[in-house]
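Ready for some practice at reading a protein structure? Grab a pencil, keep the viewer open, and try each exercise before you peek at its solution.

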Protein chains: 2
Amino acid sequence: MTHRTLIQDLAALPDGPVTVAGWVETVRDQKKVQFIILRDESGAAQLVNPATRPSTDSGAQEPSEAPAEGPGSAAALALTESISALSHGTFVRVTGELKHDERVKLGGLEVKIGTLEVVSEALETPIAADSSLDKRLDWRFLDLRQPKQSLIFRVQTTFLHALRTVWVEKGFIEIQTPKLMASASESRAELFQLEYFETVAYLAQSPQFFKQMAQSAGFGGIFEVGPAFRADPSFTSRHATEFTSIDTEFSWIDSHEDVMALHEELLAAGFQAVADTHGDEIREFFDVEVTVPQRPFPRIPLAEAKRIVAEQGYVIPRADDDMDPEGERRISQYVRETYGHEFVFLTDYASSIRPFYHMRHEGDPSLTNSYDLIFNGVEISTGAQREHRVEVLEAQAREKGLEPEELSFYLDFFRYGVPPHGGFGMGLARVLMLMLGESSIRETTYLFRGPTRLLP
Amino acid sequence: MTHRTLIQDLAALPDGPVTVAGWVETVRDQKKVQFIILRDESGAAQLVNPATRPSTDSGAQEPSEAPAEGPGSAAALALTESISALSHGTFVRVTGELKHDERVKLGGLEVKIGTLEVVSEALETPIAADSSLDKRLDWRFLDLRQPKQSLIFRVQTTFLHALRTVWVEKGFIEIQTPKLMASASESRAELFQLEYFETVAYLAQSPQFFKQMAQSAGFGGIFEVGPAFRADPSFTSRHATEFTSIDTEFSWIDSHEDVMALHEELLAAGFQAVADTHGDEIREFFDVEVTVPQRPFPRIPLAEAKRIVAEQGYVIPRADDDMDPEGERRISQYVRETYGHEFVFLTDYASSIRPFYHMRHEGDPSLTNSYDLIFNGVEISTGAQREHRVEVLEAQAREKGLEPEELSFYLDFFRYGVPPHGGFGMGLARVLMLMLGESSIRETTYLFRGPTRLLP
């Protein structure tokens, strides 16, 4: 490995020789002194060089007559010139003298440049801080060099590791379910299809069937973090054709209440880890205070939530029994004002707007043992107890217009015994968007995919 | 949640009332006593019931005249009958009396059944211990009920969590790269293509381009565990059309030696965690001793490895410069005998058999800064230093018959500056197969996908 000190570690070092490496964020090339802001994955530091300019006197000395080293030497001239020529984004390795100096705004230290090696030159960047989101996505690898952008993915790393640690400590099993399927996993709509040798395959819209299979296999509890695909032609700030889905499923539940309890535990652990590790940086870059949610989260049956927004005079512009995004925003606002909470479970959705595999209420089949989780105004997850009685499941599939024959491989999971179970799927990019107060999942996805975006 | 005690926790409980829940593995229905082996995700236990049979005397009492409870009661008769009727695989919940008894082979304890609730009945299982692999895969959810099979995925969970913990502690960033791409990521061969709105998309054969993008983005080090897709028509025990790839990539390396050092560290941590957590069970079910590999692993340049197997009289049946699977098996055997090691890095592969993005030796462009990692005779990974100088990269792409125009989005990552970097991709199912001495990745993949297998 290149010997170097990460910039975040400079503060703890005494004054003296150091090597740092990263990319040039800015150059201030003044007559008498040159400054470089050098950034690496851990932070930024100021590098300084007393400029040595070629003499402009008519009686200028030839370079060959310059002193061998020190100010005015050929080496000093060359260093000054190479700094003047640096383009933003160029990767360099610098050895120099670290000096702590409280007057330096950036971290109270600077490095006086001894030698500077250009490792990889950069063309002039085509994007600026005020470039459109679309242009920034065209140049995503440059956009991600902003510390605010890379912080999103450090937060993602911490969040996912905290969730997985909870699962692992509970004895849940990590599975990787196939994304190539012989049938649709959610609906025939929004389905990507491909030629597959002598037949066709579909891209998994969710791991639903396969995470339920693990319950029939007696795995007890499972989790998966992986891609899901929807041929969704919409262009909202919340939709993508490919997204990372956080999934879990577990057995021996009594109702969706057990699923919500695990959901709360996971989110509290994830938010705690993010607040502990990145709280200060998130405040600095996003002006957001990450709050660890209190458990239990508020729960409101969907019917009551609809009454609440109706009393506010809002008419939900939908023909079906569902909430709309504005209704979700309003009920979230209501919960924040009433309970001081950023999360709310809307529960007991109507069977008419839920998939066939959601279990229905005993005694009232018009309602399901299900919920949506709303976070800061936007739905981030759907969870439910699943119907595990095969004859009920088959009837519900028929009622939804599905052919049980097409689902036979799935129905088999239930014909050979399966305990009561449930789980949820949660969109990673949505959680991050709402946690950080961003306006679109395009900001919180490493490489967004939409109907007109497959590049880079 | 259903109140229950996991079977693995029974041993630590005193004699007394317990509730257990799981599926019926076997029933021994004797005249005077009935035994059930009940299994859950943690283990198996023996349940016992003193049988109450209807009297066969001609002067038999009517059931209504039976005692209200205890032996001979209607309840006891019903319990005996429901146990007789149990099919294998049925999920039940049982309350009873735990009794420690050293004479019971299975764990030195049994549970005398008080009540038994059939939670989910099962059809008779269509597979047996000696069913063919293909038939077992048809019924994968039943196959996975065998403790040996589910252990594979508990090992997987432990292994992956150990690797991720190493990465997280090093400050690496977890990314999820898109699986939908506008171009091939490895080669035009073995590429799945799909209609994508007004255009076509391809399924990622690897995250190669996108993990390199993170280096240009200044992320420093990244990791990803996710699916990769190859339209590979082969039917070997080592190939699949969809597989889980373990990927990492990091900056500021000097050569592929740095990549191998990280690779060793990750594997040692993963094997240590698996040995600590599952060593005994792996010995029991697989008759395998999990050995934590000593670092450094042996390294042999490919040319020398070929000389070694040639000296054994083996002629590699290939027209190109590569090893074949039998050669890999032989060199692995040689390393085991010579160095007592299960792993070997074969290094410095010929440029002719490596992708255009592998860096070549300074001074000898016929060789690359790359390696394959062989574990117990089979290749599990390819790693390399990447070429980061855009003009060299472009020339190497041309030499391999690729059109730089098609790769322009990728070449841009290098035009705007990128530090020296490298990484590896490793097949999860292969690691597990070789760690556990299994004969096929079909055994160590949750749901195998091959040219003729898309179900379940």
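**Exercise 1. A pair within a helix**

Work out how E326(A) and R329(A) are placed along helix 8 of chain A, and how exposed each of them is.

*Solution.* This is a predicted model, so keep in mind that we're reading computed values.
- Step 1: Find helix 8 of chain A, residues 325-339. E326(A) and R329(A) sit 3 residues apart in helix 8, so about one helical turn separates them.
- Step 2: Check the side chains. E326(A) and R329(A) meet in a salt bridge, 3.0 Å from N to O. The cut-off for a salt bridge is 4 Å, so this pair passes.
- Step 3: Look at exposure. E326(A) has 25% relative accessibility and counts as partly exposed. R329(A), at 41%, is partly exposed too.

**Exercise 2. One turn again, in chain B**

Find the salt bridge between R415(B) and D412(B), and decide whether each residue is buried or partly exposed.

*Solution.*
- Step 1: Both residues lie in helix 10 of chain B (residues 408-415), 3 residues apart, or about one turn of the helix.
- Step 2: Their side chains meet at 3.0 Å, N to O.
- Step 3: Buried means under 20% relative accessible area, so D412(B), at 17%, is buried. R415(B) has 25%, which makes it partly exposed.

**Exercise 3. Buried or exposed?**

Sort the partners R103(A) and D101(A) by their accessibility.

*Solution.*
- Step 1: The side chains of R103(A) and D101(A) form a salt bridge, at 2.9 Å from N to O.
- Step 2: Exposed means over 50%, so R103(A), with 71% relative accessibility, is exposed.
- Step 3: D101(A) comes out at 13%, so D101(A) counts as buried.

To put these bridges in context, a search over all chains finds 66 salt bridges.

**Exercise 4. Where the chains meet**

Describe the contact between chain A and chain B, starting with how many residues each chain gives.

*Solution.*
- Step 1: Chain B gives 102 residues to the contact, and chain A gives 102.
- Step 2: Together the two chains bury about 8200 Å², with 67% of that on carbon and sulfur atoms. On the chain B side, W252(B), Y416(B) and Y446(B) lose the most area to chain A, together 12% of what that side buries.
- Step 3: Now the charged pairs: 2 salt bridges cross this interface. In a salt bridge with its partners in different chains, R164(B) meets E174(A) at 2.7 Å, N to O.
- Step 4: Add the polar contacts, which come to 40 residue pairs between the chains. Helix 4 of chain B gives the largest share of the side of chain B that touches chain A, 10 residues.

**Exercise 5. Rings that pair up**

Classify the ring pairs F91(A) with W252(B) and F159(B) with F271(B).

*Solution.*
- Step 1: The structure has 56 aromatic pairs over all chains.
- Step 2: In the pair F91(A) and W252(B), the centres are 6.4 Å apart and the planes stand at 55 degrees, so the pair is tilted. This pair crosses between chains, from strand 4 of chain A to the loop between strand 11 and helix 6 of chain B. F91(A) is buried at 1%, and W252(B) is buried at 2%.
- Step 3: F159(B) and F271(B) are 6.2 Å apart, centre to centre, with 80 degrees between their planes, so the cut-off of over 60 makes them edge-to-face.
- Step 4: F159(B) lies in helix 4 and F271(B) in helix 6 of chain B, so the pair ties together parts 112 residues apart in sequence.

Conventions:
Residues numbered from 1 in each chain as written. Chains lettered and ligands numbered in written order. Predicted model: local features only at pLDDT ≥ 70, side-chain atom pairs only at ≥ 80, totals over all residues. Heavy atoms only, no water. Phe/Tyr/Trp six-rings, centres within 6.5 Å; stacked < 30°, edge-to-face > 60°. Helix = DSSP H or I, 4+ residues; strand = E, 2+ residues; numbered from the N terminus. Buried < 20%, exposed > 50% of the residue type's maximum accessible area, 1.4 Å probe, protein only. Contact = heavy atoms within 4.5 Å. Buried area = accessible area lost by both parts, 1.4 Å probe. Polar contact = N/O pair within 3.5 Å; in protein donor to acceptor, adjacent residues only side chain to side chain.
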